[in-house]
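Reader: I'm new to this one and would like a close look at a single part. Could you walk me through the second largest pocket, and then show me what else is worth a look around the protein?

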Amino acid sequence: MNYMLLSPEIVLMLAALVVLLLGVTRIEQRVLGWLSLVALAAATALTLSLAGAGGTLLFGALTVDAFSQFFKLVFLLVAMLVVIASLSYYGKSRHQHEYYCLLLLATVGMMFVASSSDLATLFVGFELASISTYALAAFDREDMRSVEAGFKYFIIGALSSALMLMGISFVYGLTGTTNLQQIAHIVGEGISGSMTLALVLLSAGFGFKMALVPFHMWAPDTYQGAPSVVSSLLAAGSKKMGFAAAFKVFVLALLAIRAEWYVLFAVFAVLTMTYGNLVALSQRSLKRMLAYSSIAQAGYIAIGFVVIASITDVASPEGLSVATFALGSSLFYILSHAFMKGGAFLAVGAVAYMVQRDKSPLLDEDDIEHFAGLSKSSPLMALCISVLMFALAGIPLTAGFMSKLLVFSSAINAGLAWLAIVAILNSALSLWYYARVVKVMYWREPQMELGSVPMGFVVAVVLATLGTVVLGVYPAPFIELAMHAAEALM
């Protein structure tokens with residue numbers, strides 16, 4: 001067995017152990033953040049060095065290919081941005097060793113999900129990432145909102161895990177295996193029992209993880225109450241893990257019965273993008289606004305499932321081409337969204353951090369009024385937030401525009417013009433609440449005097465903004481990377 005294929009995960013697991021052990025010594029806690037960042041950079045370098053390599057491990061339970069490596073890079077990039085911001089956010093905390101250990105373990109869990117080719121390892125990876133993020137969401141123990149966020153996330157996460165496990169047990173009962181390739185083979189030949197109940201249970205389980213309507217209810221409260229850096233990890237990283245798993249199960253294992261989940265995902269996509277945008281319109285809390293917009297963006301990504309399921313003959317070259325383009329478009333959207341949403345949450349968290357630091361504890365530190373006049377007190381942060389907001393709205397020359405163009409084009413190519421029209425109308429609707437943030441920053445007078453933005457936040461937000469711009473003005477190599485990852489799965 002070629003253990004080098006797992007070297008990124010091994011490096012992160014060892015780093016998590018070292019960080020935890022060093023934390024109980026008298027070592028300066030701030031060093032642990034830098035150590036975590038070095039470990040993540042090393043894991044990223046190893047993942048890049050394995051480009052083109054591939055193989056199966058653990059008796060076919062894990063598969064390292066272009067698809068898994070694509071998602072690993074997304075998770076690692078998000079984790080690095082979060083650690084950079086955390087150097088400021090948790091710079092004085094006595095519990096940094098616990099925080100960085102949990103963050104590294106959560107990243108390892110997401111990476112295992114991306115590599116899973118068996119329902120058993122997929123579920124274990126899910127639980128490793130989920131349990132770590134439950135604790136991270138409640139990490140600010142003296143803040144009741146953080147504790148509440150962690151508790152709600154845990155309760156609903158446990159319910160989704162139960163539903164997913166029940167769905168897996170149904171699939172195993174019908175096919176006699178948990179290996180995704182073998183399930184695909186058996187389902188392709190036709191099975192005696194109905195997979196409908198298993199599909200519903202798996203859809204509900206993955207729907208919670210992806211925050212699809214009507215399984216989204218945990219997201220706004222958790223994103224708002226959790227520490228801002230953790231909210232960024234959840235929105236830009238953990239949710240993408242749900243998409244990685246769903247693509248593996250539905251596209252790889254259950255493609256033969258795509259007619260049974262076509263309507264399901266069509267309803268999910270339309271409800272999710274519409275509900276998320278409508279509710280985001282009325283939010284004063286920017287973290288809640290970003291949470292609902294994140295729900296809406298999940299609906300755009302879910303278009304990929306609908307398009308793939310709508311292709312009548314995936315085995316033909318033409319059908320395969322349309323399906324691969326749809327999957328690749330969704331993957332490019334996921335990469336873009338990681339930069340856009342991760343950066344947006346960190347930017348909002350930076351302003352909220354300054355409000356909390358300079359004033360007495362407030363319950364509404366992320367209220368949109370606190371962003372009034374930010375262009376004067378912090379021009380760089382205001383500029384980055386503006387770019388990220390316009391990107392999320394889909395303005396040209398940003399990653400948001402390119403990703404929406406690809407996803408909407410995939411729907412039109414598949415003859416689903418109605419779905420593209422619904423998505424375009426929703427995208428136009430979202431422009432109002434994104435533009436409102438820019439208007440407040442540049443056309444309103446400051447309501448309070450804010451101090452300087454901590455350097456960790458500045459670096460993380462600037463990097464995320466640069467990523468958003470690069471993906472918008474020079475997308476070709478990244479689109480090719482996403483399409484190559486899609487070909488590996490189809």
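Author: Let's start with the lining of the second largest pocket: its largest share comes from α3, which gives 4 residues. Keep in mind as you look that this is a predicted model. The second largest pocket holds about 190 Å³ of space. Three elements give two or more residues each to its lining, and they are α2 (30-49), α3 (66-89) and α19 (476-489). In total 13 residues line the second largest pocket. If you want to find the middle of it, look for A51, G52, A66, Q69 and L481, which lie nearest the centre. As for the character of that lining, 8 of the residues are nonpolar, 4 are polar and 1 is charged.

Now for the aromatic rings. The structure holds 34 aromatic pairs. Take F215 and F268: their rings sit 5.7 Å apart, centre to centre, with 75° between the planes, and that pair is edge-to-face. F215 lies in the loop between α8 (196-210) and α9 (218-225), while F268 lies in helix α11 (residues 258-280), so this pair ties together parts that are 53 residues apart in sequence. Both F215 and F268 are buried.

Another pair to pick out is F250 with F265. The centres of these two rings are 5.1 Å apart and the planes meet at 80°, so this one is edge-to-face too. Here F250 belongs to helix α10 (residues 228-253) and F265 to helix α11, so the pair ties together parts that are 15 residues apart in sequence. Again, F250 and F265 are both buried.

You can also zoom out from the pairs. Ring pairs link F126, F206, F208, F215, F243, F247, F250, W261, F265, F268 and F305 into a cluster. That means F215, F268, F250 and F265 from the two pairs above are among the members of this cluster.

Last, a quick stop at the cysteines. How many disulfides does a search of the whole structure find? It finds 0. Two cysteines to look up are C101 and C384. C101 has a relative accessible area of 9%, so it counts as buried, the cut-off being under 20%. C384 is buried as well, because its relative accessibility is 6%.

Definitions and conventions:
Residues numbered from 1 in each chain as written. Predicted model: local features only at pLDDT ≥ 70, side-chain atom pairs only at ≥ 80, totals over all residues. Heavy atoms only, no water. Disulfide = S-S within 2.5 Å. Buried < 20%, exposed > 50% of the residue type's maximum accessible area, 1.4 Å probe, protein only. 1 Å grid on protein atoms, 1.4 Å probe; cavity = no way out; pocket = protein on both sides within 12 Å on 5 of 7 lines; lining within 4 Å. Points joined across faces, edges and corners; volume = space filled by probe spheres on them. Nonpolar A, V, L, I, M, F, W, Y, C, P; charged D, E, K, R; others polar. Phe/Tyr/Trp six-rings, centres within 6.5 Å; stacked < 30°, edge-to-face > 60°.
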